[in-house]
Amino acid sequence: MQTQVLIVEAQESLGKLWQNFLKRQGFDVALAVSQKDAIDSLRFDQWDVLVIDLMLPNSSVLAISDFASYKNPDISIIVVSASSFFSDGSIFELLPNARCFMNQPIEPDDLAAVVDHCTRTANRDRAACSS
């Protein structure tokens, strides 16, 4: 089964770049460019990984992330940002499901590696819990 990845990125061209690259790597990927799009996608579909831009305009990234964690307690959240404000690691206190903080610009290869790592770690943890 393919890993389901939701990218929440206001810069549509950047989001599409990541989306297309991750699709070529074998992931099932959708793009949301606003809080409303993200909440709708989270409400109606099941996601394994959420890639979210911390500086999403006119949005509450915390609300989106909380809703994602409510809908799927095992979701891995990858936070991306051009700001270094949370580079001290405090984002992990605010978002319990945050698995990685990546500073932009981000190479698509690096994003794919982190998504893959989050997926493998989550699958390993699920297998350990069911043993």
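**Group meeting: a parallel sheet and its helices**

Let's start with a pair of strands. β1 and β2 run parallel to each other, joined over 5 bridges. Within that pairing, Val8 sits opposite Ala32 of β2. To get from β1 to β2 the chain goes through α1, and this β-α-β crossover is right-handed.

Before going on, a word on confidence. This is a predicted model. Mean pLDDT for the protein is 89, and 92% of the residues reach 70 or more. The weak stretch is residues 126-131, where pLDDT stays under 50. For that stretch the model has 1 contact beyond four places in sequence. Where pLDDT is low, predicted coordinates should not be read in detail.

Now the whole sheet. What is the strand order? It reads β2-β1-β3-β4-β5, with 5 strands forming an open sheet and parallel pairing. At the edges are β2, residues 28-32, and β5, residues 98-103, each pairing on one side only. From one strand to the next, the twist averages 15°.

Over to the β5 edge. β4, residues 76-81, pairs with β5 in the parallel sense, again over 5 bridges. Here Val79 has Phe101 of β5 as its bridge partner.

Next, the helices on the sheet. α3, residues 61-71, packs on it and touches β3 and β4. The direction of α3 makes about 175° with that of β3. α1, residues 12-24, lies across β1, β2, β3 and β4. Relative to β2, α1 runs at about 175°.

Stay with α3 for a moment. Which of its residues are buried? They are Val61, Ile64, Ser65, Ala68 and Ser69. These residues are on the same side of α3, because they cover an arc of only 130° around the axis. The general background is simple: an α-helix has 3.6 residues a turn, so residues three or four places apart point the same way. As for what covers the buried residues of α3, the list includes α2, β3 and β4.

That brings in α2, residues 35-44, and one residue in it, Ser41. Is Ser41 buried or exposed? Its relative accessible area is 17%, under the 20% cut-off, so Ser41 counts as buried. Leaving out residues up to four places away in sequence, Ser41 touches Leu6 and Trp47.

Compare a residue in β5, Ala98. Ala98 has a relative accessible area of 7%, so it is buried too. Its contacts, again without residues up to four places away in sequence, are Ile77, Val79 and Phe92. Val79 is the residue we just met as the bridge partner of Phe101. One distance to note: Ala98 and Val49 are 49 residues apart in sequence, and 9.9 Å apart in space, C-alpha to C-alpha.

Two backbone details, both in loops. First, Asn58, in the loop between β3 and α3. Asn58 is not a glycine, yet its phi is positive, about 55°. Is Asn58 buried or exposed? Its relative accessibility is 82%, so Asn58 counts as exposed.

Second, Pro105. Pro105 is in the loop between β5 and α5, and α5 covers residues 108-130. The peptide bond from Gln104 to Pro105 is cis, with omega near 5°.

To wrap up, keep three things in view. The sheet is open and parallel, in the order β2-β1-β3-β4-β5. α1 lies across β1, β2, β3 and β4, while α3 touches β3 and β4. And residues 126-131 stay under 50 in pLDDT.

Key:
Residues are numbered from 1 along each chain as its sequence is written. This is a predicted model: local features need pLDDT of at least 70, side-chain atom pairs count only at pLDDT 80 or more; totals for chains, interfaces and linings use all residues. Side-chain values use heavy atoms; hydrogens and water are left out. pLDDT is the predictor's confidence in each residue, from 0 to 100. Contact means heavy atoms within 4.5 Å. Two strands pair if DSSP finds at least two bridges between them. Helices (H or I, at least four residues) and strands (E, at least two) are DSSP runs, numbered from the N terminus. Axes are lines fitted to C-alpha atoms, for helices over the stretch in contact, and angles run from 0 to 180 degrees between N-to-C directions. Buried means under 20% relative accessible area, exposed over 50%, partly exposed in between (1.4 Å probe, protein chains only). A crossover is right-handed if, with the strands pointing away from the viewer, the path from the first strand over the helix to the second runs clockwise. The arc is that of the directions from the helix axis to the C-beta atoms.
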